[in-house]
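This report walks through selected features of one protein model, which is predicted. Please have the sequence and the structure at hand while reading.

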Amino acid sequence: MLIEERILTLFRRNCQYTLTYWSVFFSFGLSIAFLGPTILDLKCQTGSTLQEITWVFFSQQLCLLIGSSTGGVFTKTLFRALIALFFSSLIISVVFAIIPLCYNVLLLAVAMAVSGLAMGIIDTIANIQLVSIYKKDSAIFLQALHFFIGLGALVSPLIADPFISEHCLASNSTANATEIIHHFRSSFRSPVIHTENSPHSEPVEEKANVAYAFWIMALINLPVPIAVFVLMYQEKLLPFCPNSTPRLLDKDELAMETKAPEGTEMSEPDDTGFHHAGHGNIFSCCMNGSLSGLPVTFFGIHILGSMVLFMTEGIMGVYAGFVYTYAVSAPMLLHSKMAAYLNCIFWAAVTAGRLVSIPLSYRFRPVHLLGVNLAGVIVTLLLLLILYTNRVFLFVGTTLLGLFISSVFPCLVAYTEDILEYHGCATTVLVTTAGMGEMTLQVLVGSLIQKKGTYSFLVCGLVIGCLGFVFFLSVVLCNRIHRNLTGASKKAAMVEAPPAPAPPASEKAAPEQKVAVIQTESIKCDSG
């Protein structure tokens, strides 16, 4: 059988919860991918430069970081987790609907900041809840979770592609034509844009086409908050529903899940029957008193693993955000419609890679998948850098990069949580630093593209990829040291612990005497 019956039984037990968490990551994917193909249209809509529109990425990623850092506070109870997911996914639809009305780059940055906050909350809650439910079996379900990011990110550029403005792209294909004369003019009314080459050309209403793409995405996303609402209704968590015990686990199963050995303290279970010891917001993780006395490798695994995701998620955000701009600029100079397919291809490859990684994560250890994927990312970026004028390989390299980088995040979360035996704050820390990587590196690379040219886009990607691989090797080394330290401490504890006293002979004989009495009584009954 491809997957063990035990894992299938666990999935069937938590099917609706798992599908709901997967669906909210579809909303996450929609939000994270639409800026890439529409960045030049939004640049024209707001009358800003490429460097200024890059700060829209920054505002989204900064609030995504804040949402990721604080999202863990909503995982204390099932009601708080689901109500946060409901409002976050609903906010994403609202933001999509109002983006066409943002004619100023500041207004657009505020709208993207709100969506980023919702995305961060979704990111942390969905990851923590799945890890808490499936624990050592979470690798498969995390791969599927991040598959839905790729699915949403694939749908987003496909919807945007038919509505991309040809006029705006024509005036932004070369370095000199990217400047718009009337910067920030008419901030709160429909912008009228003239290019340097045709100062007396007819005004162009930039809202007309691309607005439909955002409104379509808002409608496509609406079933997601509805699904969360249905789950809350079925679990009777809504205020107007009668209170009852959640139906996630039967009583016997819940007792088995929550049973702890004597002498150990258990964290208070939430409404789902699962324990979130160590999984909260990043501030509560850092101030946790139980962290004292832990080996330095415990903290090293958190830090080094976070740096791997800082680099790899940064590459993903940078490539998805700027590959379109790179393709329509020199030396590629691809047609706008052809360049728009690069975003679709990239996210299609990410989606396919995460789908393929679901069975692979069942067959192979996460550390092996991580090594192959990170090496593939470096080789692909190196080839893209060498063949920087080859249009065909740009598409091939985009596909390979999406395939290799797709499963790094879920594999690393599963790997670090497994190392720390689900007692640390790995998920919260990793999600937070991944958001920091996207936020910081997008702004950095966007500024370098503006100053040094589009070739710096690939150079930065290669340098970041090499740093990520170095940090990964450091995580593996730190893991070995951590195992030696914790293994030695466990052996020492076993040696120091006194052996349990043997029960008295009278207690041993008691059960045998009871059995003998029962047998004699049954014999008397039969003879009677």
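## The largest cavity

By class, the residues lining the largest cavity of this predicted model comprise 8 nonpolar, 2 polar and 4 charged residues. The cavity itself has a volume of about 90 Å³, and among the 14 residues of its lining, Phe28, Asp123, Ile149, Glu313 and Glu438 are the closest to its centre.

Several helices contribute to this wall: H2 (15–33), H7 (138–160), H13 (296–328), H14 (336–363) and H18 (426–452) each provide at least two lining residues. Helix H18 gives the most, with 4 residues. A search of the whole structure finds 4 cavities of 30 Å³ or more, and the second largest of them is described next.

## The second largest cavity

The second largest cavity has a volume of about 80 Å³ and a lining of 13 residues, with Ile32, Gly317, Ala320, Glu438 and Gln442 lying nearest its centre. Two or more lining residues come from each of the helices H2, H4 (50–70), H13 and H18, and the largest share, 4 residues, is that of H13.

In terms of class, this lining divides into 6 nonpolar residues, 6 polar residues and 1 charged residue. Glu438 deserves a second look in the viewer, since this residue is named among those closest to the centre of the largest cavity and also among those nearest the centre of the second largest cavity.

## Salt bridges and aspartate 137

How many salt bridges does the model contain? The count comes to 2 salt bridges. In general, side chains of opposite charge can pair when their charged atoms come close. One of the pairs is formed by the side chains of glutamate 5 and arginine 12, with an N to O distance of 2.7 Å; glutamate 5 is partly exposed, with a relative accessible area of 40%, whereas arginine 12 counts as exposed because its relative accessibility is 52%, and the cut-off for exposed is over 50%.

The other pair joins the side chains of arginine 6 and aspartate 137 at 2.5 Å, N to O. Arginine 6 belongs to helix H1 (residues 5–13) and aspartate 137 to the loop between H6 and H7, so this salt bridge ties together parts that are 131 residues apart in sequence. The two partners differ in their accessibility class: arginine 6 is partly exposed at 46%, while aspartate 137, at a relative accessible area of 16%, is buried. Leaving aside neighbours within four places in sequence, aspartate 137 is in contact with Arg6, Ile7 and Leu10.

## Backbone geometry

Most residues other than glycine have a negative phi, and most peptide bonds are trans. Against that background, the peptide bond joining alanine 330 and proline 331 is cis, with omega of about 10 degrees. Proline 331 is found in the loop between H13 and H14, and leucine 333 is likewise placed in the loop between H13 and H14. Leucine 333 has a positive phi, near 55 degrees, although this residue is not a glycine, and leucine 333 counts as partly exposed at 45% relative accessibility.

A positive phi of about 55 degrees is also found at lysine 236, which is not a glycine. Lysine 236 lies in the loop between helix H10 (223–234) and helix H11 (251–258), and with a relative accessible area of 38% lysine 236 is partly exposed.

Terms used: Residues numbered from 1 in each chain as written. Predicted model: local features only at pLDDT ≥ 70, side-chain atom pairs only at ≥ 80, totals over all residues. Heavy atoms only, no water. 1 Å grid on protein atoms, 1.4 Å probe; cavity = no way out; pocket = protein on both sides within 12 Å on 5 of 7 lines; lining within 4 Å. Points joined across faces, edges and corners; volume = space filled by probe spheres on them. Nonpolar A, V, L, I, M, F, W, Y, C, P; charged D, E, K, R; others polar. Contact = heavy atoms within 4.5 Å. Salt bridge = Lys/Arg side-chain N within 4 Å of Asp/Glu carboxyl O. Buried < 20%, exposed > 50% of the residue type's maximum accessible area, 1.4 Å probe, protein only.
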